[in-house]
Amino acid sequence: MTSLLRSGKNTNSGQFRTAVLLGIISIPFTFGVNWVLTPDPIQAMPLFVVCIISGYLYQSQPIKGTHAGMVTGLTGGIPILFWQSGATVVDWWGHSILVDAVGDSWLMVVSSVGAGMVTFGILTVVMMVIGSIGGSIGEWMNNRIDRTHPLGSEA
């Protein structure tokens with residue numbers, strides 16, 4: 001419970017501002033890759049790259065890079081969450097097997113919206129995992145780069 005209170009303080013004081021901004025910056029790239037270049041499979045590569053950058057930038061601060069990556073992943077994954085949840089509702093709404101099972105009644109609405117909500121929940125966890133993995137890779141990269149020697153100097 002104490003860690004939740006600490007993370008609430010961190011959010012209120014603006015320490016995740018850069019992580020949120022990086023997530024917002026990734027949204028146009030996510031749109032471009034998913035709905036212009038490859039409309040069928042969902043690609044989260046721009047989001048993953050930005051989560052790595054977020055983890056790299058936050059390593060030198062009191063916040064762990066994995067937490068910053070999660071915030072970035074959730075912020076930048078908003079279009080994927082809503083798009084896929086809506087697509088699930090639309091797919092389930094007119095599915096022939098579902099129509100045969102429940103007919104064209106209020107159960108169709110309940111099952112379609114329920115499937116959309118389950119999709120939203122699962123994808124939220126997926127975005128958190130993508131952010132956490134990207135943030136930890138960024139942390140690892142920051143730990144491996146020796147920043148005491150400027151580029152071009154010999155040790």
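Helices (H or I, at least four residues) and strands (E, at least two) are taken here as DSSP runs, numbered from the N terminus. On that basis the protein chain contains 7 helices and 0 strands, and its pattern along the sequence reads α-α-α-α-α-α-α. The model is a predicted one: local features need pLDDT of at least 70, side-chain atom pairs count only at pLDDT 80 or more, and totals for chains, interfaces and linings use all residues. Residues are numbered from 1 along each chain as its sequence is written, and side-chain values use heavy atoms, with hydrogens and water left out.

A look at confidence comes next. The pLDDT, which is the predictor's confidence in each residue from 0 to 100, averages 79 over the protein chain, and 77% of the residues score at least 70. Residues 1-5 stay under 50 in pLDDT, and the model gives them 0 contacts (heavy atoms within 4.5 Å) beyond four places in sequence. Over residues 149-153 the pLDDT is also below 50, and that stretch has 1 contact beyond near neighbours in sequence.

Some totals for the chain help to set the scene. Of the contacts with a separation of 6 or more, 75% are between residues 24 or more positions apart. Buried residues (under 20% relative accessible area, with exposed meaning over 50% and partly exposed in between; 1.4 Å probe, protein chains only) make up 30% of the 155 residues. The accessible surface comes to about 9,700 Å², and 70% of this area belongs to carbon and sulfur atoms. Accessible areas come from the Shrake-Rupley method with a 1.4 Å probe, and for residues only the protein chains shown count as cover.

Helix α2 (residues 17-37) includes Ile24, and Val20 and Ile27 are also found in this helix. On the surface, Val20, Leu21, Ile24, Ile25 and Phe29 form a nonpolar patch with about 450 Å² of accessible area together. Such patches are made of residues with over 30% relative accessible area and no salt bridge, where nonpolar side chains (Val, Leu, Ile, Met, Phe, Trp, Tyr) are joined within 5 Å and like charges within 9 Å. Two members of the patch can be described further: Ile24 is partly exposed at 44% relative accessibility, and Val20 is partly exposed with a relative accessible area of 30%.

Val20 and Ile27 also link α2 to later parts of the chain. Not counting residues up to four places away in sequence, Val20 touches Val71 and Thr75, while Ile27 touches Thr75, Gly76 and Pro79. The C-alpha atoms of Val20 and Gly76, 56 residues apart along the chain, are separated by 7.9 Å; for Ile27 and Gly76, 49 residues apart, the separation is 5.5 Å. After α2, Gln43 is found in the loop between α2 and α3. Gln43 is partly exposed, at 32% relative accessibility, and its C-alpha atom is separated by 6.8 Å from that of Val33, 10 residues apart along the chain.

Helices α4 and α5 can be compared with their expected spans, given by 1.5 Å times one less than the number of residues. With 12 residues, α4 reaches 16 Å from its first C-alpha to its last, close to the 16 Å expected. Its buried residues include Gly65, Thr66, Ala68, Gly69, Thr72, Gly73, Thr75 and Gly76. The 16 residues of α5 (residues 78-93) should span 22 Å, and the end C-alpha atoms are 23 Å apart, which agrees. In α5, Pro79, Ile80, Leu81, Ser85 and Thr88 are buried.

Helix α7 offers a partner for α5. Thr119, found in α7, is buried with a relative accessible area of 18%. Leaving aside neighbours within four places in sequence, Thr119 is in contact with Gln84, Ser85 and Thr88.

Finally, a search of the whole structure finds 1 salt bridge, defined as a side-chain nitrogen of Lys or Arg within 4 Å of a carboxyl oxygen of Asp or Glu. In this pair, the side chains of Glu139 and Lys64 meet at 4.0 Å, N to O. The pair links distant parts of the chain, 75 residues apart: Glu139 lies in helix α7 (residues 106-144), and Lys64 in the loop between α3 (45-58) and α4 (65-76). Glu139 is buried, with a relative accessible area of 12%, whereas Lys64 is partly exposed, at 44%.
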